[in-house]
Amino acid sequence: MRILLIHSDYIEYEVKDKAIKNPEPISEEEKKGRMDEVLVAFISVEKVDETNPEEVVSKAVEEIINVASQVKAENVFVYPFAHLSSELAKPSVAQEILRKVYEGLKEKGYNVGKAPFGYYKAFKISCKGHPLAELSRTIIPEGAKEE
Ligand SMILES: C[C@@H](O)[C@H](N)C(=O)N[C@H]1[C@@H](O)[C@H](n2cnc3c(N)ncnc32)O[C@@H]1CO
């Protein structure tokens, strides 16, 4: 899993079109969204993550919370982003893993937003620009490391 973390004044998105055959069903109001004072997590779920989804989910939640506490962000935004890897997991697995990351962050008490899965989206973001405002993390399941 590849994560790009941007501490932002705001993130806003607008759904433009379906990008896969069966995108996540969304309501009219979910076609646009905005969150302020937020740590945005752009996440690409990778093929290797399919070997141990549970481990990748818990490590991702841990990493995101670690950064959120350092930058003192109470709001986190999970953004499915298929552009951080050339070895992507298939959409069904990716959607489930991202849903669990979202749920995991909520369980830890964060105010969590998410962008819909499986769409082309326009987005605007305002990076805060401080030294910890732009970070990336790579998560690989333990078993896969031995290969
Ligand atoms: C396209 C661009 O504007 C938009 N931002 C986009 O990326 N849309 C992605 C994700 O929402 C989702 N998706 C599919 N596979 C994956 C994956 N392995 N990991 C994460 N998301 C995925 O399906 C869409 C098409 O790949």
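## Contacts of Ile3

Contact here means that heavy atoms lie within 4.5 Å of each other. In this predicted model, and leaving aside residues up to four places away in sequence, Ile3 touches Ala41, Phe42, Ile43, Ala60, Ile64, Leu84, Leu135, Ser136, Arg137 and Ile139.

## Nonpolar cores

Ile3 also belongs to the largest nonpolar core, which has 32 residues, and is listed with Met1, Ile43, Ile64, Val101 and Leu105 as touching the most other members. Two or more residues of this core come from each of strand E1 (2-18), strand E2 (32-44), helix H1 (53-71), strand E3 (75-80) and helix H2 (91-107). Among these elements, H1 gives the most, with nine residues.

A second core, separate from the one just described, has 13 residues, including Val15, Val38, Phe77 and Ala115. As general background to both groupings, nonpolar side chains in soluble globular proteins tend to be buried together.

## The unit formed by E3, H2 and E4

Strand E3 pairs with strand E4 (residues 111-114) in the parallel sense, and four bridges connect the two strands. One position in this pairing can be followed by residue, as Val78 has Lys114 in E4 for its bridge partner. Together with helix H2, the two strands E3 and E4 make a β-α-β unit that is right-handed.

## Surroundings of the ligand

There are 18 residues around the ligand, and those that come nearest are Val45, Ala82, His83, Gly118 and Tyr119. Two of these residues also place polar atoms by the ligand: an N or O atom in the side chain of His83 is 3.2 Å from a ligand oxygen atom, while a polar backbone atom of Tyr119 is 3.2 Å from a ligand nitrogen atom. Lys121 takes part through its backbone, where an N or O atom lies 3.3 Å from an oxygen atom of the ligand.

## Ser85 in the loop after E3

Is Ser85, a residue of the loop between E3 and H2, buried or exposed? Ser85 has a relative accessible area of 17%, and because buried means under 20%, Ser85 counts as buried.

The side chain of Ser85 is joined to the side chain of Glu46 by a polar contact of 2.7 Å, and the Ser85 side chain also reaches the backbone nitrogen of Glu87 at 2.9 Å. When residues up to four places away in sequence are not counted, Ser85 touches Arg2 and Ser44 as well as Glu46.

Methods: Residues numbered from 1 in each chain as written. Predicted model: local features only at pLDDT ≥ 70, side-chain atom pairs only at ≥ 80, totals over all residues. Heavy atoms only, no water. Core = buried A, V, L, I, M, F, W, Y, C linked by side-chain atoms within 4.5 Å. Buried < 20%, exposed > 50% of the residue type's maximum accessible area, 1.4 Å probe, protein only. Pairing = 2+ DSSP bridges. Right-handed = clockwise from strand over helix to strand, strands pointing away. Near = heavy atom within 4 Å. Polar contact = N/O pair within 3.5 Å; in protein donor to acceptor, adjacent residues only side chain to side chain.
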